[in-house]
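Open the model in a viewer and follow the stops below in order. Each stop names a selection and then says what is there.

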Amino acid sequence: MPQSPILSVTNLSKSFAGVSALNNVHLSVQKGEVHALMGENGAGKSTFMKILIGLLTPDSGEIMFDGEPLKSHNVGEVMKRGISMIHQELLTVPELTVAQNIFLGREPKRWGFIDEKKLNEQAAELLAHLGVSIRPDARMKHLSVAEMQLVDIAKALSNEAKVIIMDEPTSALSDNEVATLFDIIRELQRKDVAIVYISHKLEEIFALADTITVLRDGQFIATKPANEFTPNSLISMMVGRELDSLFPDIQAPNGPEVLAVKGLSQAGKFENINFAVHAGEVLGIGGLMGAGRTEVARALFGLDPHEQGEISINGQPVTIGSPQDAIRHGLGYVGEDRKASGFIPGLSVKHNITLACLPTFARQGFVANQRETEAATKTVRDLNIKISGLNQRVTNLSGGNQQKVVIGKVLLSAPRLVILDEPTRGIDVGAKAEIYKLINQLTANGIAVILISSELPELLGLSNRIVVLAKGKQTAVLSTEEATPETIMHYAMQGN
Amino acid sequence: MNAPSLKPYQTQFRKIGQYGIVVAFFVICIALALSTPRFLTVQNLMIIVTQVSINALLAFGVTFVIITGGIDLSVGSIVAVVGVVAASFAHPDTHPIIVPIVAGLLTGIVFGTLNGFVITRSNVPPFIVTLGTMTIGRGLALILSKGRPVSNLSDSFNFLGGGKIFGIPTLILILIIAFIICSIVLRKTVSGRYMYAVGGNEQASKASGIGVPRVKMLVYILSGSLAAIAGILLTSRIGTGQPNAGAGFELDAIAATIIGGTSTTGGTGTMTGTLIGALLIGVISNGLDLLNVSSYYQLVIKGVIIVGAVILDSVNQKRG
């Protein structure tokens, strides 16, 4: 394109504690275009955006904005220059009004006091400009997520933003609201505002984007006009290989029933859940966000209570009221959020791995250091965890290695059944493939696996059978032959 | 991805955490030694450690609690109640020496258990719960003593905190023993590991099958017990059970813990750090005394050191 770009990034690099998050990344955004930034979780998109808005300082590289170098690492200043970001988690003050939120930090003043009248007038003007009917004096907490997002956009416009970064803006919106957002984005384009758009939803990308830049594992892969991509070519560029080869062959289950659940219910969360898992089998649980998958898993492991239902292990009914009970009965649990419920940040790799069965490495309450070290060393080797030493802190590891530490911890108690809730969330493709291989090894050794995943290819590629939940109810149990992306989505949408 | 290039000695330093404090401690000691000849004498150093020991004992208990992400404001009041209880069993020719000791220890354990019980069974934050028991404890000390010091204590009781064995004050010996035991509990036992785990990430600890309430119970009981030992020793040393004793001690204990590098949010901390923190406070007030600095200014200086230590800690954490 002949005109000079509004935002141009060259050779940007950033690493954390020696781990490269971005390596010589480029980006060139023209006025008035929607530029999609694509990449898997962990590809470096969020690090990249945090650098652009001044939250992080790059190690090297140059950012040119509107013809001048952007060197400021102060969020407020970057915003004033004309780069705004609509965050995935909305950063608004719920107790303040819409107008107060829009002008937060830049309130119009009169005699040194805030000019509330002018504040509301200007806010009303901005909102009208966007064509939305939100009252400027409404309290932020009374708005829907979609409305809050629009307020965020109004705030960006009030800063005379020339570039607006949108990170997964539709993740919490209904179809109608998405349509409204798209209209506003197109309107912004006409006003020569450039949009950097981050989303995992391919249909949105192809509906909106003029240009697509792909990142993978912190590396710049390509920038091309959107019409030169097909969904398949885009995916293979993002993951760097054909998806099918990621999954090992599914093995036929070979053993007796390990766990059976009958009529498991908890008001407001899930209702009448029934399934059985056999030794060597992967039972997938599919469903939309909020369908109750994680809630069922947490109840099985004793992290949350259940009001009704029977859980049997190896044919014997058991009571599971706490994680201790669950572990005693041979269950293992890897939660969906490894930062929140997986590892202990202050502890070393070794201490994290042995945490769940520390008493087995202890005599009279004293930890036997040598046996502990041996066990941790074996786990690190078996799971191929890449660390500089057993005493390294888990926080300094990549997401994939952190996840392996958490899985290693669970496996060290030699469980009969492992519950994996979103085991590959936020980790790079290489580590994903290793975790898939690991799941296969577990089942080959006769361990039963319950797999919860929002990624359909993962669920389909690994599971022997798939339980589908919708709004807390079990809508189907699908065999490998029956399970396709379409059937799963069909049952996942039931009751909507 | 590449393995991070963190050199082993860096993790070692971070484990100690209070590296900067160690340097500060020695710099201040050297400066004091150079500016007054009275500082670096065996006699003066003994005085410092003796003066520090009560605070250090309380701080060891508070360190366990803060590592799990909690706080214990009641230790100063426990010192007073325990002092009054122990003193009332310690009049000459009434009970054997073991009676006031056991009565005092039990009192501390009851308080610790009460703290732990309410904190683990309710959603009330430890700050509030122990603020309550702090007030209750002070009230009980006044009730039990009828507001008057309990004096006329036996010689054997007075020996506990005031005597010497082989020329070394008993307070110093007890401090050393308590330090060794507390360090071992924290570093070498399953319970100690669980304290770090609970303070580092309670959810993950729960999901790992750790009995989180048990761990919390234990730290408050430990804190109460150490406060009881401190209360018995203080009463013995001053020769009376004072219902107003120990007022504000909890803040000094928290200060020593935090200066020693224990994170206020939990999950990190060492007994060595806490000991150095307590010594640092003691050395500074001793040194300033020797230099004839008014005690009013000493408070200001202590305050600056507490905030400075936390700033240092947060800088360390950011680097980590």
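## Start in a sheet of chain A

Select A:Ile83 and A:Val163: A:Ile83 stands opposite A:Val163 in β9(A). The model is a predicted one, and every value in this tour is computed from it.

Extend the selection to the strands around this pair. Strand β6 of chain A, residues 83-86, pairs with β9(A) in the parallel sense, over four bridges. β9(A) covers residues 163-167, and four of its five residues are buried, so the strand is mostly covered by the cut-off of 20 or more other C-beta atoms within 10 Å.

Next, add residues 194-198 of chain A, which form strand β10. Five bridges join β9(A) to β10(A), and the two run parallel. To find the register, pick A:Val163 again; A:Val163 stands opposite A:Ala194 in β10(A).

Then add residues 34-38 of chain A, strand β3. β3(A) also runs parallel to β10(A), joined to it by four bridges. Here the pair to display is A:Val34 and A:Ile195, which stand opposite each other.

How many of the five residues of β10(A) are buried? Five of the five are. Show the side chains to see how they divide between the faces: A:Ala194, A:Val196 and A:Ile198 lie on one side, with A:Ile195 and A:Tyr197 on the other. Both faces of β10(A) are covered.

## A helix of chain A and what follows it

Select residues 399-412 of chain A, helix α14. A distance drawn from its first C-alpha to its last comes to 20 Å, close to the 20 Å expected for 14 residues at 1.5 Å a residue. Colour α14(A) by burial and 13 of its 14 residues come out as buried. Just after the helix, pick A:Ala414, where phi is positive at about 50 degrees.

## Two more positive phi values

Two further residues of chain A are worth a click for their backbone angles. Go first to A:Asn24, in strand β2, residues 19-29. Phi of A:Asn24 is near 50 degrees, a positive value in a residue other than glycine. A:Asn24 has 14 C-beta neighbours inside 10 Å and therefore counts as partly exposed.

Move on to A:Glu422, in the loop between β21 (417-421) and α15 (429-444) of chain A. Phi is positive at A:Glu422 too, near 45 degrees, and this residue is likewise not glycine. Is A:Glu422 buried or exposed? With 21 C-beta neighbours inside 10 Å, A:Glu422 counts as buried.

## Chain A as a whole

Zoom out and select chain A alone. Its secondary structure comes to 17 helices and 24 strands. The radius of gyration is 25 Å, close to the 23 Å that the globule rule gives for 496 residues, so chain A is as compact as a globular protein of that length. Turned onto its principal axes, the C-alpha trace of chain A spans about 75 × 50 × 50 Å. Of the 496 residues, 46% count as buried. Among contacts in chain A with a separation of 6 or more, 67% are between residues 24 or more positions apart.

## Chain B and its helix α11

Switch to chain B, which has 14 helices and two strands. For its 320 residues the globule rule gives 20 Å, and the radius of gyration is 20 Å, so chain B is as compact as a globular protein of that length. Along the principal axes, the C-alpha atoms of chain B fill a box of roughly 75 × 55 × 35 Å. Buried residues make up 49% of the 320 in chain B.

Now select residues 212-238 of chain B, helix α11. Its end C-alpha atoms are 39 Å apart, which agrees with the 39 Å that 27 residues should span at 1.5 Å a residue. α11(B) is mostly covered, with 21 of its 27 residues buried. Step just past the helix to B:Gly239, which takes a positive phi of about 80 degrees.

## Last stop: where the chains touch

Show both chains and select the contact between them. Chain A provides 36 residues and chain B 27 residues. On the side of chain A that touches chain B, the elements giving two or more residues are α10 (323-328), α11 (338-341) and β20 (366-367) of chain A. Of these, α10(A) gives the most, with three residues. Colour that side of chain A by residue type: 19 residues are nonpolar, 14 polar and three charged.

How values were computed:
Residues are numbered from 1 along each chain as its sequence is written. Chains are lettered from A and ligands numbered from 1 in the order in which they are written. This is a predicted model: local features need pLDDT of at least 70, side-chain atom pairs count only at pLDDT 80 or more; totals for chains, interfaces and linings use all residues. Two residues are in contact if their C-beta atoms, placed from the backbone, lie within 7 Å. Ala, Val, Leu, Ile, Met, Phe, Trp, Tyr, Cys and Pro count as nonpolar, Asp, Glu, Lys and Arg as charged, and the others, Gly among them, as polar. The expected span of a helix is 1.5 Å times one less than its number of residues. A residue is buried if 20 or more other C-beta atoms lie within 10 Å of its own, exposed if 12 or fewer, and partly exposed in between; C-beta atoms are placed from the backbone. Two strands pair if DSSP finds at least two bridges between them. The radius of gyration is taken over C-alpha atoms; the globule rule is 2.2 Å times the number of residues to the power 0.38.
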